[in-house]
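Subject: Structure handover

Hi,

Here is the structure I promised to pass on. Please open it first; my notes on what turned up follow below.

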Amino acid sequence: MPVAPDHDALIGQSLGRAIREARTARKLSMRALAAEAEISQPFLSTIENGQTMPSLASLYRIAKVLGISPSALLPAMPEPEVVHLSRADAGAWAPIADVANAGVHRVISSAGARAATVQEYRIEPGQYMGDWFESDGDLTVYVVTGRITVSIEGRGEWELGAGDAIAHPGALRNRWSVVGDDPVRILLVYAGSR
């Protein structure tokens, strides 16, 4: 599994590259820039190589010598990832509950920058689906295949078939049960509270 790069390290590398590019564009040596910015040449070298970050005062002095604003050296905020692809064979399946005969689920898409988490559930007839659940935020239950009953404490019970969905606040205690002898696939969309 690839390891996500350290965000601070990426900022440092981008800042160092911007300083080096601005310095070479102005035909300044590293020694000349360091002297005029009142920092040591070895320290400037570590900045340009992305190994360290300058203080705000040092960044301003470097920018002044380069004849640009400090913000021109700072990396732009990266755009949030807007596309998330989830293949049918991706994601680890985990039991719904810690019992021998529990249905399973997997996370398809998690909140992160998005406002919702999507989980897929697969339950065979007779498998345990858990007890009463409650959470913050809002829930949408969409039945892909099979039939289930959704019970919401104090509100009622609804039987859902393929293509049916029900949405409700997660704070309402709820539970599901399989109807009939067919396996069930469910998508649960959880939108966290703000």
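Along the sequence, the order of elements is α-α-α-α-α-β-β-β-β-β-β-β-β-β. That makes five helices and nine strands. Please keep in mind that this is a predicted model. The protein has 194 residues, and 31% of them are buried. Take the contacts between residues at least 6 apart in sequence: 58% of these join residues at least 24 apart.

**The pocket**

The largest pocket holds about 280 Å³ of space. It is lined by 16 residues, and those closest to its centre are Gln119, Tyr121, Phe133, Leu139 and Leu188. Four elements each give two or more residues to this lining: strand 3 (116–123), strand 4 (138–145), strand 8 (174–178) and strand 9 (184–191). Strand 3 supplies the largest share, with three residues. By type, the lining splits into nine nonpolar residues, six polar and one charged.

**The aromatic pair**

How many aromatic pairs does a search of the whole structure find? One. The partners are Tyr121 and Trp176, with ring centres 5.0 Å apart. Their planes meet at 80°, which is over the 60 degrees required, so the pair counts as edge-to-face. Tyr121 sits in strand 3 and Trp176 in strand 8, so this pair links distant parts of the chain, 55 residues apart.

Are these two residues buried or exposed? Tyr121 has a relative accessible area of 10%, so it is buried, the cut-off being under 20%. Trp176 is also at 10% relative accessibility and therefore counts as buried. Tyr121 is worth a second look, as one of the residues closest to the centre of the largest pocket.

**Asn174**

Strand 8 also contains Asn174. Its relative accessibility is 3%, so Asn174 counts as buried. What does the side chain of Asn174 reach? The backbone oxygen of Leu172, at 3.0 Å.

I also listed the contacts of Asn174, leaving aside neighbours within four places in sequence. They are:

- Asp131, Trp132 and Phe133
- Leu139
- Ser151 and Ile152
- His168

Phe133 and Leu139 appear here as contacts of Asn174, and both are among the residues closest to the centre of the largest pocket.

**Where to start**

Strand 8 ties these notes together. It gives two or more residues to the lining of the largest pocket, carries Trp176 of the aromatic pair and holds the buried Asn174.

Best wishes

Technical notes. Residues numbered from 1 in each chain as written. Predicted model: local features only at pLDDT ≥ 70, side-chain atom pairs only at ≥ 80, totals over all residues. Heavy atoms only, no water. 1 Å grid on protein atoms, 1.4 Å probe; cavity = no way out; pocket = protein on both sides within 12 Å on 5 of 7 lines; lining within 4 Å. Points joined across faces, edges and corners; volume = space filled by probe spheres on them. Nonpolar A, V, L, I, M, F, W, Y, C, P; charged D, E, K, R; others polar. Phe/Tyr/Trp six-rings, centres within 6.5 Å; stacked < 30°, edge-to-face > 60°. Buried < 20%, exposed > 50% of the residue type's maximum accessible area, 1.4 Å probe, protein only. Polar contact = N/O pair within 3.5 Å; in protein donor to acceptor, adjacent residues only side chain to side chain. Contact = heavy atoms within 4.5 Å.
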